[in-house]
Amino acid sequence: MRFGTTAVHAGQSPDPTTGAIMTPLFCSSTYVQEYPAVVKDGYDYSRGKNPTRTALESNLAALEGARHGVAFASGLAAIHAVATAAVSPGDRILCGNDLYGGTLRLFRRLFEPQGIEISVIDTSNLSAVEEALKQAPVSLVWLETPTNPLLRITDLAAVCKLAHEAGARVACDNTFATPYLQNPLALGCDFAVHSATKYLGGHSDVISGAIMLNDDALAEKLHFVQMAVGAVPGPMDCFLVLRGIKTLHIRMERHCANAKRVAEYLAGHARVSKVHYPGLASHAGHEVAARQMSDFGGMISFVLKGSVEDGMKFTTKTKLFALAESLGGVESLIEHPPSMTHASIPAEERRASGLDDGLIRLSVGIEDIDDLIQDLEQAFAQV
Ligand SMILES: *Cc1c(COP(=O)(O)O)cnc(C)c1O
C-alpha cells in the first residue's frame with residue numbers, strides 16, 4: 001500500500017461484531033478471562049494493551065514502514081521511554097543544539113541527576129558530530145530535523161553512519177516533518193519519535209506521542225516501559241489520532257504549499273531581515289532537506305526588524321494566525337519564541353544561538369493562502 005492508502009486503512013478493519021467501519025472506542029479497563037491467566041490476544045488490563053490503542057499502534061508502524069509502533073500519552077512520555085530504554089547511568093546522550101525545549105528540560109532535569117551525561121552540539125555540522133563521538137562513548141544521539149524554531153537541517157543518513165560506527169543508537173524526533181515527508185528509519189535511525197499532538201492528530205484536540213522502530217528487543221523494552229510506567233493514551237486519544245492520520249497526506253500537501261507561499265512572501269518583505277524555511281534555496285540546509293524530505297513542511301520562522309517588543313506586538317496584530325504555542329493543526333498559529341517557548345534561555349545565550357529578538361514562528365495552517373497573506377500584510381501595516 002502507498003502512503004495515502006496506509007494512512008486511511010492500516011491497522012483498521014470493520015468491527016467483526018457490528019461491521020462498524022470506524023475503530024470502536026474500547027473503554028474497558030479490564031477483560032474477562034476464560035481461565036486464570038488465559039486471556040484473549042494478550043488483553044488483560046488496558047495499561048498493558050487496549051484494542052483501540054492496538055489499532056493506532058499498527059497504523060503508526062505502517063506510516064513509518066516500521067515493524068513496531070508504540071503509543072504514549074504525550075510526545076514527552078514517548079521521549080522519556082526511548083531514553084529509559086536506551087540509556088543507563090554512566091552513559092552519554094549527544095543531542096542537537098536547537099531541540100524542543102521540553103526534551104532538553106527532561107534530559108537535563110531528570111536524566112542528568114541520574115548520572116547520565118548530556119552533551120549539546122550543532123548536529124548540522126558533521127565534523128562536530130564526528131569530534132563529539134570521538135571524545136567519549138555515546139549511547140544515544142538525539143536529533144530533530146527540521147529543528148524548532150530555526151528549521152535547521154541535520155543530514156540523517158550521514159549522522160547515523162557516524163553514530164553507528166561509534167556504537168551509538170540514533171533517535172530522530174520526526175514531529176515537524178511527519179512520516180509523509182521524511183522517514184528516519186529508512187535513513188538509518190533506530191527510533192522515529194513523534195509528538196502526535198501536532199501534525200499526526202492535526203486538529204489541536206489531543207495530546208499524544210509515538211515511537212516507531214524495527215528492533216524487536218527494543219520494542220519489547222518500550223512496551224515494558226508503557227506497562228510499567230503507565231503513561232499510555234486513553235481510547236479517546238487513540239481514536240482522535242487515528243482519525244487525524246486518515247487525512248495526514250492531504251493536510252501535509254496543503255501545509256507545504258501554503259508555507260512555501262508564505263516563505264516567499266516574507267523573503268520579499270522590506271520589514272523582514274531573515275526567513276528560516278528549508279524550502280528556500282537560500283536556506284543553509286536546503287540541499288540536504290531536498291534529499292531527505294519529499295517536501296519542506298508547514299513551519300516557518302522569520303525575523304521582524306526591530307526590538308523584542310516589536311516582535312511581541314506583531315503576534316497580537318494577526319487575526320487568522322492565532323497567538324498560541326504548539327503547531328501542526330489545521331489552523332494557523334503565530335508565536336514569539338524569545339518571550340514564549342524559548343523565554344527560559346538567557347538573552348545573550350539566546351541571541352548567540354541565532355534566536356534574534358524579532359524572531360517569529362509560524363505554524364502555517366490549511367486555510368486559503370490568499371487570506372493568510374492578507375492577514376500578515378495587515379499585521380505588518382500596524383507595527
Ligand atoms: C510538542 C513537541 C514535543 C512534545 O510533545 P507533547 O505531545 O507536547 O508532549 C516534542 N518534540 C517536538 C518537536 C514537539 O514539537
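I began with the shell around the ligand and looked up which element gives most to it: the largest share, 3 residues, comes from helix H3, residues 75–86 (helices are DSSP runs of H or I with at least four residues, strands are runs of E with at least two, and both are numbered from the N terminus). I noted that this is a predicted model, in which local features need pLDDT of at least 70 and side-chain atom pairs count only at pLDDT 80 or more, while totals for chains, interfaces and linings use all residues. Residues are numbered from 1 along each chain as its sequence is written, and side-chain values use heavy atoms, with hydrogens and water left out.

Next I listed the neighbours of the ligand, and of the 13 residues around it, Gly75, Asp173, Ser195, Thr197 and Lys198 come nearest (a residue is near if one of its heavy atoms lies within 4 Å). By type, I found that the shell divides into 5 nonpolar, 6 polar and 2 charged residues, where Ala, Val, Leu, Ile, Met, Phe, Trp, Tyr, Cys and Pro count as nonpolar, Asp, Glu, Lys and Arg as charged, and the others, Gly among them, as polar.

Then I looked at individual atoms. A backbone N or O atom of Gly75 lies 2.9 Å from an oxygen atom of the ligand, and for Leu76 I read 2.9 Å, again from a backbone N or O atom to a ligand oxygen. In Thr197, a polar side-chain atom lies 2.6 Å from an oxygen atom of the ligand. Taken alone the ligand exposes 380 Å², of which the protein buries 93% (accessible areas come from the Shrake-Rupley method with a 1.4 Å probe).

I turned to helix packing and returned to H3, which packs with helix H8, residues 216–229, at an angle of about 120°, their axes being 9 Å apart (axes are lines fitted to C-alpha atoms, for helices over the stretch in contact, and angles run from 0 to 180 degrees between N-to-C directions). That makes H3 oblique to H8, since angles under 35 degrees count as roughly parallel, over 145 as roughly antiparallel, 65 to 115 as roughly perpendicular and the rest as oblique. The axes of H5 (126–135) and H6 (156–165) come within 10 Å and cross at roughly 15°, and H5 and H6 are therefore roughly parallel to each other.

Last, I checked the backbone. The peptide bond from Thr145 to Pro146 is cis, with omega near -5°, and Pro146 sits in the loop between strand S4 (140–144) and H6.

Definitions and conventions
Polar contact = N/O pair within 3.5 Å; in protein donor to acceptor, adjacent residues only side chain to side chain.
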